[in-house]
Amino acid sequence: MRTLLSDTALVFGRYARQTLRSKAAMTFGALMPVLYLVLYGPLLTDMPLGGGAGSSWQVLVPGLLLQLALFGASFAGMGLIIEKQHGIVDRMRVTPVSRLALLLGRVLKDAALLTAQAVVIVLVAVAMGLRAPLPGVLLGFAFTAALALSLAALSYTLAMKAAAPMSFAPLVNTATMPTMLLSGLLLPMSLAPGWLDTLSHVMPLRYLVDAVRAAFVGHYSDPALARGALTALILMAVSVAAGARYFRGAGGGTSQR
């Protein structure tokens, strides 16, 4: 366990330094949600999206935080494909670094980056009129990090199997677009027709969205918060386990820890 932790910290540090040197990656990752806030948010200011439970900002901002994690983490594997093409992955496999750490270091970096970008989005939202309790906002960051970690693990697993970015990107787009539309990221699914609201319950992200919105209005005893937390834990367990199994079983190299 001590070796795994140190190896994970080593891999995390490597990719964190790369990210810090790439100002564009840090800036443009949060640009789209910020544009939604600035250009789309004011259109919803006077609309009762929360059904009397919170303002429109307390509905929109939680969705944007999870949208950031959805798209940012889902495409994280693109960088791994490029590393495969340049032989970097094969060189890392023959080092004594734990195979599991090669996954954990990457996903923890992605979760940290997307959480930092989520902080920026909330600060911009506060300047535009968001009012939410601090514990609820912190819970929102925790859900954002959990979703980012889960989806990044799945993205890296898919990237290990993909031969080129051209085969990776369409698969990710096919999965993320219906997920975004059916989870109620931008507008609550309670506003949708009954059949669409019912269909949305097959999307795990729906439960995280409902949980963060409940947290942003301070409804900490809302069952939606417990359902969201359970869903987030299951997603993390399944995705990291799937990624760990593939990284450990991937061919090449000598370390199988």
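I started with the weak stretch: residues 251–257 stay under 50 in pLDDT. For that stretch the model still has 25 contacts beyond four places in sequence. This is a predicted model, and I kept that in mind for everything below. Overall, I found an average pLDDT of 85 for the protein, with 90% of the residues scoring at least 70.

Next, the core. I pulled up the largest nonpolar core, which has 65 residues. Leu37, Val61, Leu66, Val107, Phe143, Tyr156 and Leu205 touch the most other members. Helix α8 (residues 134–161) gives the largest share of this core, 13 residues.

I then picked Val61 and listed what it touches, leaving out residues up to four places away in sequence: Leu37, Val122, Ala125, Leu130 and Phe216.

Leu37 sent me to helix α3 (residues 31–40), where the buried residues are Pro33, Val34 and Leu37. They cover an arc of only 100° around the axis, so they sit on the same side of α3.

Last, Arg106, which I found in helix α7 (residues 99–128). Buried or exposed, I wondered about Arg106? Arg106 counts as buried because its relative accessibility is 4%, and the cut-off for buried is under 20%. I checked where the side chain of Arg106 goes, and it reaches the backbone oxygen of Leu102 at 2.7 Å. Not counting residues up to four places away in sequence, Arg106 touches Val11, Tyr15, Leu80, Glu83, Met92, Tyr156 and Phe247. One of these, Tyr156, I had already noted among the core residues that touch the most other members.

Methods: Residues are numbered from 1 along each chain as its sequence is written. This is a predicted model: local features need pLDDT of at least 70, side-chain atom pairs count only at pLDDT 80 or more; totals for chains, interfaces and linings use all residues. Side-chain values use heavy atoms; hydrogens and water are left out. A nonpolar core is a set of buried Ala, Val, Leu, Ile, Met, Phe, Trp, Tyr and Cys residues joined through side-chain atoms within 4.5 Å. Buried means under 20% relative accessible area, exposed over 50%, partly exposed in between (1.4 Å probe, protein chains only). Helices (H or I, at least four residues) and strands (E, at least two) are DSSP runs, numbered from the N terminus. Contact means heavy atoms within 4.5 Å. pLDDT is the predictor's confidence in each residue, from 0 to 100. A polar contact is a pair of N or O atoms within 3.5 Å; within protein, one must be able to donate a hydrogen and the other to accept it, and residues adjacent in sequence count only if both atoms are side-chain atoms. The arc is that of the directions from the helix axis to the C-beta atoms.
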